[in-house]
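Q: I'd like to zoom in on just one part of this protein. Could you pick out a helix pairing and walk me through it slowly?

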Amino acid sequence: MASSEGFLTDEQREMLKIASQNVETALPSPRLSSSPKSPSSMLSDHQLKVPAGGKAPTGGIAVRHVRRSHSGKFVRVKKDGAGGKGTWGKLLDTDGESRIDRNDPNYDSGEEPYQLVGSTISDPLDEYKKAVVSIIEEYFSSSDVEVAASDLKDLGSSEYHPYFIKRLVSMAMDRHDKEKEMASVLLSALYADVISPPQIRDGFVMLLESADDLAVDILDAVDILALFVARGVVDEILPPAFLTRAKKTLRESSKGYQVLQIAEKSYLSAPHHAELLERRWGGSTHVTVEEMKKKIADLLREYVESGDTFEACRCIRELGVSFFHHEVVKRALVLAMEIQTAEPLILKLLKEAAEEGLISSSQMVKGFARLAESLDDLALDIPSAKTLFQSIVPKAVSEGWLDASFTKSSCEDGEAQTEEKKLNQYKKEIVTIIHEYFLSDDIPELIRSLEDLGLPEFNPTFLKKLITLALDRKNREKEMASVLLSALHIEIFSTEDIVNGFVMLLESAEDTALDILDASNELALFLARAVIDDVLVPLNLEEISSRLPSNCSGSETVRMARSLITARHAGERILRCWGGGTGWAVEDAKDKIMKLLEEYESGGVVAEACQCIRDLGMPFFNHEVVKKALVMAMEKKNDRMLDLLQVCFDEGLITINQMTKGFTRVKDGLDDLALDIPNAKDKFSFYTEYAQKKGWLLPSFGSSAAETLPTAAAS
């Protein structure tokens with residue numbers, strides 16, 4: 001009776017078929033079913049009818065075999081048809097626990113379960129701190145600045161250099177004076193070359209913030225740290241303004257604040273403080289630059305007399321300043337030029353020092369480069385310096401102790417160096433000119449001095465230097481600088497020069513703020529004053545701002561200047577911002593000029609009008625007299641003003657430049673002037689012809705006027 005459906009009777013098969021059909025028709029829609037069920041589970045839920053007699057057939061499905069809860073709730077079958085205790089389980093059942101036998105011939109290591117092995121995550125900062133401790137310890141043992149600098153460079157992670165500053169100083173504070181001196185020397189050597197100035201400042205700020213903790217372990221921590229800060233200022237690795245700026249970030253009750261007070265009042269304010277600070281720790285390792293130069297000069301002269309190369313190399317080695325060997329190279333070459341008979345000995349010494357590795361290739365190139373930069377000054381004492389230097393370089397390159405790259409770089413940078421020398425010389429000259437102007441208040445003399453220099457391409461540099469020097473002085477000099485800008489714009493500076501100068505100034509605003517605390521506010525006033533004085537127009541501020549990074553201090557200064565200009569009564573306030581200084585404010589001068597011209601026009605005396613112009617004391621602003629005189633002559637239809645201009649020109653009271661500038665300003669405003677004076681262009685054409693006949697105007701004015709006034713020329 002076996003069949004594919006198992007051991008069931010025909011009656012049972014019929015009942016099963018009916019039950020299956022009923023289940024299919026009773027199945028809810030899949031979308032409405034809250035939990036999908038398998039056909040077997042649906043079958044178990046279906047009520048099977050029992051035959052009459054109340055008993056189920058003994059060989060088929062009995063009611064007791066249908067597993068369901070008496071409460072009517074569905075309960076999942078636990079065994080899922082896999083048999084019970086003592087059975088083999090389901091076919092292909094792999095859920096049972098199995099043990100991997102490594103001795104089994106079919107053993108596969110890939111079947112081993114994975115194990116997660118925990119590992120600690122290393123912090124780059126922690127690794128950096130550990131590494132710098134070993135560098136500092138090694139430096140304190142060897143005193144080798146060059147090795148310490150090289151190790152720090154190789155370490156990388158330059159963003160963590162402030163922690164190096166903190167670690168170096170804090171370790172030195174807990175040691176002898178020798179290590180303190182060594183720490184100061186190392187900081188000076190690393191400054192700008194390995195560690196940037198902002199990182200130096202950040203490192204010292206971190207030290208000041210941790211001063212309270214340092215004082216717990218080091219009793220005199222406050223005094224020692226004050227010495228380090230003062231020494232940093234003396235060694236020029238910290239700006240003097242650092243103390244004031246750092247105080248703002250510290251609580252007055254903190255140890256760091258006390259450090260800054262002691263550094264400022266006890267050390268940096270003392271007479272001869274620089275020398276005292278350099279000697280404070282006994283100078284056990286530190287030798288001043290001047291002393292080192294003297295030692296180098298002495299050993300070279302001794303070598304020239306004795307000719308003992310071995311002894312000279314020993315002395316160079318004993319100096320213990322491998323990072324300063326470029327000075328040995330430079331002084332040796334200078335000595336070879338001074339004493340030409342000693343040239344073979346000097347070249348022999350440098351060659352041997354290079355071959356022994358005593359003087360590195362980089363130090364050799366740096367020494368030659370330094371001498372090349374100073375050849376112009378050296379030629380004043382040794383006329384043949386350039387010729388001698390040009391003869392030494394090929395010898396050194398051919399013998400292999402000077403890198404051939406020196407000749408290539410010197411050729412490529414020749415023009416750049418010439419331009420740089422010219423700029424440096426120009427800066428020296430203009431500093432003297434500006435200082436003289438602050439003393440004499442003589443604008444014409446300053447303009448003559450600038451014209452004598454004959455370098456108009458450096459006009460923006462002059463503007464930057466002028467305002468930078470004025471920023472660090474009193475209001476009188478600031479006012480003088482603004483007045484001078486107005487005069488220079490009229491005489492020799494173009495608007496482009498002014499704009500470029502302010503861009504240069506604002507690009508370095510952050511550096512300027514290190515030495516001058518309110519530099520940003522003062523620069524904003526200078527910009528606003530330039531607009532009020534018609535040196536710049538508001539559109540120029542947009543141009544300046546577009547050439548600066550959006551998030552820099554200079555951009556913020558431009559925004560401040562715009563705010564000042566748009567404020568109520570801005571003109572009057574900005575003109576008086578420095579108290580009027582030495583010159584009349586521009587608006588006051590304009591009022592005085594208008595009054596004196598009105599008085600002259602109503603019957604005044606020429607001599608008296610000239611005296612009033614002279615009393616203004618603003619010869620650079622006399623173009624305003626010319627402009628207002630011409631406009632008044634047009635309005636009043638009175639050519640008497642031309643007589644006044646003639647007398648002023650004959651007496652030299654109004655120069656040809658000022659006269660030309662005045663006519664140019666009237667010409668530029670003719671279109672607006674014609675709205676009130678219909679025949680303004682005809683009148684101006686007549687005045688121009690008259691002035692040219694009298695020789696008041698520069699020859700260049702005639703062509704430009706003819707182009708601008710075609711109608712007047714035609715008439």
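A: What follows is a close look at helices α23 and α27, with a few other spots for context. Heads-up: this is a predicted model, so local features need pLDDT of at least 70 and side-chain atom pairs count only at pLDDT 80 or more, while totals for chains, interfaces and linings use all residues. Residues are numbered from 1 along each chain as its sequence is written, and side-chain values use heavy atoms, leaving out hydrogens and water.

First, the setting. The protein chain has 39 helices and 0 strands (DSSP runs: H or I for at least four residues, E for at least two). Of its 715 residues, 40% are buried (under 20% relative accessible area; exposed is over 50%, partly exposed in between, with a 1.4 Å probe). Among contacts (heavy atoms within 4.5 Å) with a separation of 6 or more, 72% link residues 24 or more positions apart.

Now to our pair. Helix α23 covers residues 459-471 and helix α27 covers residues 519-532. Their axes (lines fitted to C-alpha atoms over the stretch in contact, with N-to-C angles from 0 to 180 degrees) come within 11 Å and cross at roughly 130°. That's why α23 counts as oblique to α27 (under 35 degrees is roughly parallel, over 145 roughly antiparallel, 65 to 115 roughly perpendicular, the rest oblique).

Who's touching whom? On the α23 side you'll find Ile-467, Ala-470 and Leu-471, and they meet Glu-522, Leu-523 and Phe-526 of α27. Sort these contact residues by class and you get 5 nonpolar, no polar and 1 charged (Asp, Glu, Lys and Arg are charged; Ala, Val, Leu, Ile, Met, Phe, Trp, Tyr, Cys and Pro nonpolar; others polar).

Keep following the chain from α27 towards α28 (538-546) and you hit a loop that holds Asp-534. Its phi is near 65°, a positive value in a residue other than glycine. With a relative accessible area of 48%, Asp-534 is partly exposed. Glu-236, in the loop between α9 (221-234) and α10 (241-247), has a positive phi of about 65° too, although it is not a glycine. At 61% relative accessibility, Glu-236 counts as exposed.

For another pairing, look at α3 (residues 124-142) and α4 (residues 145-155), whose axes come within 9 Å and cross at roughly 170°. That makes α3 roughly antiparallel to α4. Tyr-128 and Ile-135 are among the α3 residues in this contact, with Val-147 and Leu-152 among those from α4. By class, the α3 and α4 contact has 10 nonpolar, no polar and 2 charged residues.
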